[in-house]
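Colleague: I'm new to this structure and would like a close look at one part of it. Could you take me through the strands and whatever sits around them?

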Amino acid sequence: MKQLITILFIGLISLSVNAQDKVAKIEFKSDTIDYGTIEKGSDGVRVFEFTNTGDAPLIISKVSSSCGCTIPKKPEEPIMPGKTGEIQVKYDTNRVGPIRKAITVISNADTPTKVLKIKGEIKAPEGK
């Protein structure tokens, strides 16, 4: 019985080591988008581009924002190794003032949580 348990234990360890050989890796072109200074009501959509530099499909399970004024949109399909994907971010540009927001990306990558940032400033139109 002791030998059977030992064999099962060794088998499980080798299975888990085997399963960890292939991992997804997420690499962003940039982890910050600077809107610069834009006018109130401007297009607030920007895109974070990334590549799966690992050797397993990348699945983005959740993308969330630090506030309701920023709406992120994640890819629904897995991103295969070597392929690129996008996370779209839409900021409500009717809010005048500085932009300093964080977008949290949760995936099956070797680094499962990644924080992206947007920054900039929204100005009221001149003469209004």
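Modeller: Here is a walk through the strands, followed by the loops and links around them. Keep in mind that this is a predicted model.

Let's start with the overall layout. The protein has one helix and eight strands, and reading along the sequence gives the pattern α-β-β-β-β-β-β-β-β. So where does the strand story begin? A handy entry point is strand 1, residues 26-28, which pairs with strand 3, residues 45-52, in the antiparallel sense over three bridges. If you want one spot to look at, take I26: its bridge partner in strand 3 is N52.

Strand 3 also pairs with strand 6, residues 84-91, again antiparallel, this time over seven bridges. Here you can look at F50, whose bridge partner in strand 6 is G85. As general background, strands of a sheet pair through backbone hydrogen bonds, either parallel or antiparallel.

Stay with F50 for a moment, as it turns up again in the aromatic pairs. A search of the whole structure finds two such pairs. F28 and F50 form one that is tilted, with 5.5 Å centre to centre and 55° between the planes. This pair links distant parts of the chain: F28 belongs to strand 1 and F50 to strand 3, and they are 22 residues apart. Are these two rings buried or exposed? F28 counts as buried because its relative accessibility is 12%, and the cut-off for buried is under 20%. F50 counts as buried too, at 1% relative accessibility.

Just ahead of strand 1 is A24, in the loop between helix 1 (2-19) and strand 1. With a relative accessibility of 1%, A24 counts as buried. What does A24 touch, leaving aside its neighbours within four places in sequence? The contacts of A24 are N52, G54, A56, P57, L58, N108, A109 and D110. You met N52 a moment ago as the bridge partner of I26. A24 can also be set against T51: the two are 27 residues apart in sequence, and their C-alpha atoms are 9.9 Å apart in space.

Now for the open sheet. It has four strands in the order 2-8-7-4, with mixed pairing. Its edge strands are strand 2 (32-39) and strand 4 (60-65), each pairing on one side only. On average, neighbouring strands of this sheet are turned by 15° against each other, direction ignored. For a parallel example, look at strand 2 and strand 8 (residues 113-123), which pair in that sense over six bridges. Within this pairing, T32 stands opposite K117 in strand 8.

Next comes the loop between strand 6 and strand 7 (97-107), which is where you find T93. T93 is buried, with a relative accessible area of 5%. Not counting residues up to four places away in sequence, T93 touches I38, K40, G41, S42, D43, G44 and I122. N94 sits in the loop between strand 6 and strand 7 as well. By the same kind of count, N94 touches K40 and G41, two residues that also appear among the contacts of T93. There is a spacing to check here too: N94 and K123 are 29 residues apart along the chain, and their C-alpha atoms are separated by 9.4 Å.

One more feature to find is a disulfide, and the structure holds one. It is formed by C67 and C69, with their sulfur atoms 2.0 Å apart. In general terms, a disulfide is a covalent bond between the sulfur atoms of two cysteines. The link of C67 and C69 is left-handed, with -80° about the S-S bond. How do the two cysteines fare for accessibility, buried or partly exposed? C67 counts as partly exposed, at 21% relative accessibility, whereas C69 counts as buried, at 4%.

To finish, a few whole-protein values put these details in context. Buried residues make up 27% of the 128 residues. The accessible surface comes to about 8400 Å², and 54% of that belongs to carbon and sulfur atoms. Among contacts between residues at least 6 apart in sequence, 66% join residues at least 24 apart.

Technical notes. Residues are numbered from 1 along each chain as its sequence is written. This is a predicted model: local features need pLDDT of at least 70, side-chain atom pairs count only at pLDDT 80 or more; totals for chains, interfaces and linings use all residues. Side-chain values use heavy atoms; hydrogens and water are left out. Two strands pair if DSSP finds at least two bridges between them. Helices (H or I, at least four residues) and strands (E, at least two) are DSSP runs, numbered from the N terminus. Axes are lines fitted to C-alpha atoms, for helices over the stretch in contact, and angles run from 0 to 180 degrees between N-to-C directions. A disulfide is a pair of cysteine sulfur atoms within 2.5 Å. Buried means under 20% relative accessible area, exposed over 50%, partly exposed in between (1.4 Å probe, protein chains only). Contact means heavy atoms within 4.5 Å. Accessible areas come from the Shrake-Rupley method with a 1.4 Å probe; for residues, only the protein chains shown count as cover. Rings of Phe, Tyr and Trp (its six-membered ring) pair if their centres lie within 6.5 Å; planes under 30 degrees apart count as stacked, over 60 as edge-to-face and the rest as tilted.
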